[in-house]
Amino acid sequence: MNVKHQLRMTVLGSGSWGSVLADVLARNGHAITIYGRNAQEIAEINRDHTNSHYIPNLQMDESIVGTTDLREAVQGAAAIFFVIPTQAIRPVAEKVGALLSETGNRPFLISAAKGLEEGTLDRISQILTQSIPQPVRGDVVILSGPSHAEDVAKHDITTLTAASENEDAAAWVQWIVMNDYMRIYTSTDVTGVELGGAIKNVIAIGAGAIHGLGYGDNTKAALMTRGLAEMARLGVQFGADPLTFSGLSGLGDLIVTCTSTNSRNWRCGDRLGRGEPLEHILATMGMVVEGVPTAQAVHTLSAQMHVDMPICDTIYQVLYRDRPLQESIDALMQRIAKPEIDF
């Protein structure tokens, strides 16, 4: 991609997706700073241009600058990408908001994370707008879709959605990210894009679990299709466009997350299906499994909105109420018969 001029941008989060996204933006011609809390990882990025713990097959663009100093990271940035676990976004965003009140650069805020906040049940766009006042920031954009970092690192063709209430802001993110292996589409359905990206992680735990139990392709197809229906059913209650869930941030992300061993949510479910305790899985995964806290948030939201989400509720019961997996599957299959299309 030949950019018209170089922009200074910041990626908050030096995990696998943050590192790969920083590399994409740098190779698109932008000046990229990546922020992380682990001094050894940041030193490796600056010295070797690698992040061997999270994404060992990536040779990062040599122009990327790593830092553990949040003030240095946000100073002068035209855009700040939040690529950190959902539960950490609010405290980081509040610090960013305080710093921006001093720097005055009013960057776009772009979330490339997927989840719902525990307790508040807020989506990430809501967290960002609550934590960073309008006078010190630009528009909020959500970047979501089927995008395993391992594949993007190899320049595998990847398509994402940039969603914002401001169409121009979504188009701007489309422009800075697109290249010959990254294609970005725009949307104004922020709610639908965020809910799809969050709920698919819950369904992916279920997909992994049925694999671990030995079920086959028919079962996987049933889980994904009915899981998609649950995503759309809840989304519509919050004003989302049901067609959004047939797009990249819904169906697209659901496919890749429910069918790939690259998915940490799928791997968590697979290990559950093979009999490992959840506590041991989470302690040894090495990365945050977003679907676990999201399952609790979705359970609460669906109860509050009186939305029938039997698959998501079953996964919640397995994760938080120690309900046996096989018993849970049997109960799902024995529910009262109903029409397929039911909002």
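Start by selecting L12 and Y35: L12 stands opposite Y35 in strand β2. Keep in mind as you look around that this is a predicted model.

**The strands**

Now widen the selection to residues 8–12, which form strand β1, and add β2 beside them. The two strands pair in the parallel sense, over five bridges. To see how the chain gets from one to the other, show helix α1, residues 16–27: the path leaves β1, passes through α1 and arrives at β2, a β-α-β crossover that is right-handed.

Stay with β2 for a moment and color residues 31–35. Is this strand mostly covered or mostly open? It is mostly covered, with four of its five residues buried.

Next, go back to Y35 and add T67, which is the residue of β3 that Y35 stands opposite. Strand β3 covers residues 65–67, and its pairing with β2 is parallel too, over three bridges. Helix α2, residues 39–48, carries the chain across from β2 to β3, in a β-α-β crossover that is right-handed.

**A loop stop**

Select N105 next. You will find this residue in the loop between α4 (86–103) and β5 (108–111). Which backbone oxygen does the side chain of N105 reach? It is that of V74, at 3.0 Å. Show T103 as well, and you can pick out a polar contact of 2.3 Å between the side chains of T103 and N105. Setting aside neighbours within four places in sequence, N105 is in contact with V74, Q75, G76, A77 and L100.

**The nonpolar cores**

For the last part of the tour, move on to the helices from α8 onward. In soluble globular proteins, nonpolar side chains tend to be buried together. Here, the largest nonpolar core has 43 residues, and the members touching the most others are I199, I203, C268, L272 and L319. Select those five as your landmarks, then bring in the helices that each supply at least two residues of this core: α8 (190–213), α9 (217–237), α10 (248–259), α11 (264–273), α12 (278–284), α13 (291–305), α14 (310–320) and α15 (325–333). Which helix gives the most? That is α8, with 10 residues.

Zoom in on I199 and show what surrounds it. Not counting residues up to four places away in sequence, I199 touches M231, L234, V298, M309 and C312.

To finish, select A22, I34, I45 and A149. These belong to a second, separate core, made up of 39 residues. One of them, I34, takes you back to strand β2, which spans residues 31–35.

Technical notes
Residues numbered from 1 in each chain as written. Predicted model: local features only at pLDDT ≥ 70, side-chain atom pairs only at ≥ 80, totals over all residues. Heavy atoms only, no water. Core = buried A, V, L, I, M, F, W, Y, C linked by side-chain atoms within 4.5 Å. Buried < 20%, exposed > 50% of the residue type's maximum accessible area, 1.4 Å probe, protein only. Contact = heavy atoms within 4.5 Å. Pairing = 2+ DSSP bridges. Right-handed = clockwise from strand over helix to strand, strands pointing away. Polar contact = N/O pair within 3.5 Å; in protein donor to acceptor, adjacent residues only side chain to side chain.
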